[in-house]
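Here are a few short exercises on helix geometry and packing. Keep the structure open while you work through them.

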Amino acid sequence: MSKFAAYHLRSSSSPKHQSDSMEPFVVKESCLASASSPLKKRRIDHHTGTEVKADGSAILASNSNIGLSNIGGDEMQLNMAASGNNSNNHEIDEDLHSRQLAVYGRETMRRLFASNVLISGMQGLGVEIAKNIILAGVKSVTLHDENVVELWDLSSNFVFSEEDVGKNRALASVQKLQELNNAVAVSALTEKLTKEQLSAFQAVVFVDISFEKATQFDDYCHSHQPPIAFIKADVRGLFGSLFCDFGPQFTVLDVDGEEPHSGIIASVSNENPAFVSCVDDERLEFEDGDLVVFSEVEGMTELNDGKPRKIKSVKPYSFVLEEDTTSYGAYKKGGIVTQVKQPKVLKFKPLREAIKDPGDFLLSDFSKFDRPPLLHLAFQALDRFSSQAGRFPFAGSEEDAQKLVEIATDINESSGDARLDDVNSKLLRHLAFGSRAVLNPMAAMFGGIVGQEVVKACSGKFHPLFQFFYFDSLESLPKEPLDASEFTPQNSRYDAQISVFGSTLQKKLEDAKVFVVGAGALGCEFLKNLALMGVSCGVQGKLTVTDDDVIEKSNLSRQFLFRDWNIGQAKSTVAATAAAGINSRLNIDALQNRVGPETENVFHDSFWENLTVVVNALDNVTARLYVDSRCVYFQKPLLESGTLGAKCNTQMVIPHLTENYGASRDPPEKQAPMCTVHSFPHNIDHCLTWARSEFEGLLEKTPAEVNAYLSSPVEYMNAMKTAGDAQARDTLGRVVECLEKEKCNAFQDCITWARLRFEDYFVNRVKQLIYTFPEDANTSTGAPFWSAPKRFPRPLQFSSTDLSHINFVMAAAILRAETFGIPTPEWAKTPTGLAEAAERVIVPKFEPRKDAKIVTDEKATTMSTASVDDAAIIDELIAKLERCRLSLQPEFRMKPIQFEKDDDTNYHMDMIAGLANMRARNYSVPEVDKLKAKFIAGRIIPAIATSTAMATGFVCLELYKVLDGSHKVEDYRNTFANLALPLFSIAEPVPPKVVKHQDQSWTVWDRWVIKGNPTLKQLLNWLKEKGLNAYSISCGSCLLYNSMFPRHRDRMDKHVVDLAREVAKVELPAYRRHLDVVVACEDDNEDDVDIPLVSVYYA
């Protein structure tokens, strides 16, 4: 995985997230629209409310036809009745679901659309689970709760308000949750559940239920045919538990969600077992025991039978095939080997058995290796306490805590071989004190995890949690012991949180000054969490959120604060308004500025200095690095996170305690050589990279060059003459071509252009290539030129009956017409009409050139080949250009087209997919559909709501520590998690690198400050007092002083700030009070010493 989005992803143990704008193109962010119209979403009528039925259930009036009727269907041989139930009636809205489709794929989405889910218990955890499932796009979600909203619930439930206190929790939740996705039928049940009612669902989730009742429900679900997936989840203060039972035999169709890996074969031996080597183009990602299939092998054709074969002894570029090939034909050349993903059957135990024999626990924090068995005991003890007392322990009650310890001790003594040596009374005391509280960060984190388990249960996609998971974040508690009075309820919405952390930390949360950078998927979750926690809700508090983006349709599947009527509005403004709706006391300021060097007049020194903490919710590495540099400079804590599909990362950047985000960098992504992309592609990524490049060249860059020339002909021509190189020559050639022989005046001209483009790209260029390099060509060393990974191409033959050919010509013609401002007739949007027009195009005969130059150097950075005649050719082209201009109307301009991937009606992806697939056909590379092409060419970051919610939950657990202010580095946690596996890797952050000099030491967090507007001499003497001899001082890219230059000694009496203005031409804005200089120093032994940035204060 590469640098993250969002990451997105990064921590001390895993790489950064792939940026949305980084190369190479990587498959990188979802809800169904109304069933009656997949492209049209409807608003909720806020005046209709809910309809309460006689049986205690309630549904929105618009969904009154959907209740708890039993759902039939058993299409898949899985442990679910979800597949096939009306799934064919649902079209997938790819504009809306593109990011989720990149994670799940169409089949998984269809299974989700046919699934009915029950969630029982609508406190904070229940509503978080419901939110994530509704955003994912199941068929229906039924909310069950028999209790009423209490003020206490407002600490963790984002759909409740003060006006809901006293209402049934399920009823109070329906309408706001329905707004998240109108294609999901959201209903409510308010009376006691019976086991028989569970038969209407494919998955049931119980929150806040006793073990006795859970066991009864699970027994029914486990034995039901088909089995019903049963999930029990709880968060109690800073503790959480999760149990999954998906039935006696559950089939996992895709255990990890990763694309099958493949390799290009270089040789196969005739022996037993056979040795297979692959080209060193890319390392093999196979593992011992994998099954693989072979294709396109020449010579040893016996391997091409499609039969999965087992491999072992996997090395980076080779493996051993567990097969006797001694009697097979001799390997000649070619071949692809591809991993075969196998389904996996899991045998779940019911809760009744699993509670006594839990098996292996899913471990999250390796510093707490012994914690899961203890928490397994603790949650049983808490359940028994609740059953006996009819309530949970009171916060701060030592008597209740001691009673819990006694119950745990009794259970432990009767546990036989599972008996623990120590029940850890201190941990049980913390569990007792916080057992009534549902904390928002815990609910957000577990809501993401449980939501993903529901998706797995309904679809068979990803490996389920098997079967218990326990988690605690005791490190989040204040370090100083708290008096019992700290936990006293204050009759406020934060009482649940106060019962865990005390009123002092709550006051710190409310007075915090927080900067949230980004209001997308992560940003929406953060704003919701912060509002519920009461962050920046006090008189002194302030939360600033900024995002320069606007809301698009594809955002609605996970950026849950937005609705369809917000499309086109500023993200930060809408998100801030929604967050204030969650907690009216939130002091929030929304900005639409990008955070970067160009906005330092907005985010100036005073702004940064007044902050308490910064929370990043960004989707690219460049912005992350800039915010990181600002936080290091002003010594502010930075809470970093990101997601990539089912994966997420969090990284805590704490002044003087941890390394900063920019301290570690990923190696640059390996990019395909330019000659490979342009002439020798061997996978669809190469074809799509080329297609995107051609699209931008033809439809954006060349029209923009035409306009640049027409706007300033003299300046443009002079610039080209001055450049005088092959690139200027080629650019001019394209402009002349566009205005001369390829100029379009009518739509038929555009069809002609598109048809000839087809001929040029997929026929003539290939003929030229195989003329220059025939199939039997050799390299200068005598090796076959067309050896792996190169694939020998074949020219296409245009056919008006081939729909893929016609669709390419159609998209290209329509877009060409758009650049020339030519209207597209309706007949041209039909294959029949377009085919007839394309047939009329006269295609010139092509003869390959003997002197054609084709770049084969893998190190080449341009496809333009220089010529001694470039200057003369440029002069000739300029003369042609002038003649073209004189024939144009003075106001003539072209319309450059910028690629937009998220509009399926604009023909952009039609053209790119057509370009890529025709090229793939040339080279016998497997083609892709438009959706897959969109993922790759559009560089779409796969994203789902579950991993986003989980990431923000982890981060907000760290926020408690930051605002408490007394935690050490070993108390903080960085996280890498992959919900698909599932895998959790939680570890302490890495401390910053320490530089030592004499009796001094410093890290990246230190910045040396010298005040009083010093002269250059005073600055040098100040450093000398530290035992450092400065030999170079620079400001920006300019040298203010270097000891090797005698004339620089004349500057000794000048103020450093004046030197910067004079020499470096620095413009110091009014809000700036200091100047930063970089000083190169050595010690008395003439060894270089890296010192911190020096800030010279002049005001």
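**Exercise 1.** Check whether the length of helix 13 fits its residue count.

Solution. This is a predicted model, and helix 13 covers residues 521-533. Count its 13 residues and allow 1.5 Å for each, taking one less than the number of residues. That gives an expected span of 18 Å, and since the end C-alpha atoms sit 19 Å apart, the two agree. Moving past the end of the helix, you reach Gly534, which has a positive phi near 85°.

**Exercise 2.** Work out how helix 13 and helix 27 are oriented to each other.

Solution. Start with the axes: helix 13 and helix 27 (residues 945-964) pack at about 45°, with the axes 9 Å apart. Angles under 35 degrees would count as roughly parallel, and 65 to 115 as roughly perpendicular. The pair is therefore oblique. As for handedness, helix 13 and helix 27 make a right-handed crossing. Now look at who touches whom: helix 13 brings residues including Leu522, Phe526 and Met533, while helix 27 offers Ala949, Val955 and Leu959, among them. Sorted by type, the contact residues come out as eleven nonpolar, four polar and one charged. Helix 13 is also mostly covered, with 13 of its 13 residues buried.

**Exercise 3.** Repeat the length check for helix 22 and look at its burial.

Solution. Helix 22 runs over residues 803-820, so its 18 residues should span 26 Å; the end C-alpha atoms are 26 Å apart, which agrees. For burial, 14 of the 18 residues are buried, making helix 22 mostly covered. Right after helix 22 comes Gly821, with a positive phi of about 70°.

Notes: Residues are numbered from 1 along each chain as its sequence is written. This is a predicted model: local features need pLDDT of at least 70, side-chain atom pairs count only at pLDDT 80 or more; totals for chains, interfaces and linings use all residues. Side-chain values use heavy atoms; hydrogens and water are left out. Axes are lines fitted to C-alpha atoms, for helices over the stretch in contact, and angles run from 0 to 180 degrees between N-to-C directions. Helices (H or I, at least four residues) and strands (E, at least two) are DSSP runs, numbered from the N terminus. Angles under 35 degrees count as roughly parallel, over 145 as roughly antiparallel, 65 to 115 as roughly perpendicular and the rest as oblique. A crossing is left-handed if the near helix is turned anticlockwise from the far one by less than a right angle, and right-handed if clockwise. Contact means heavy atoms within 4.5 Å. Ala, Val, Leu, Ile, Met, Phe, Trp, Tyr, Cys and Pro count as nonpolar, Asp, Glu, Lys and Arg as charged, and the others, Gly among them, as polar. The expected span of a helix is 1.5 Å times one less than its number of residues. Buried means under 20% relative accessible area, exposed over 50%, partly exposed in between (1.4 Å probe, protein chains only).
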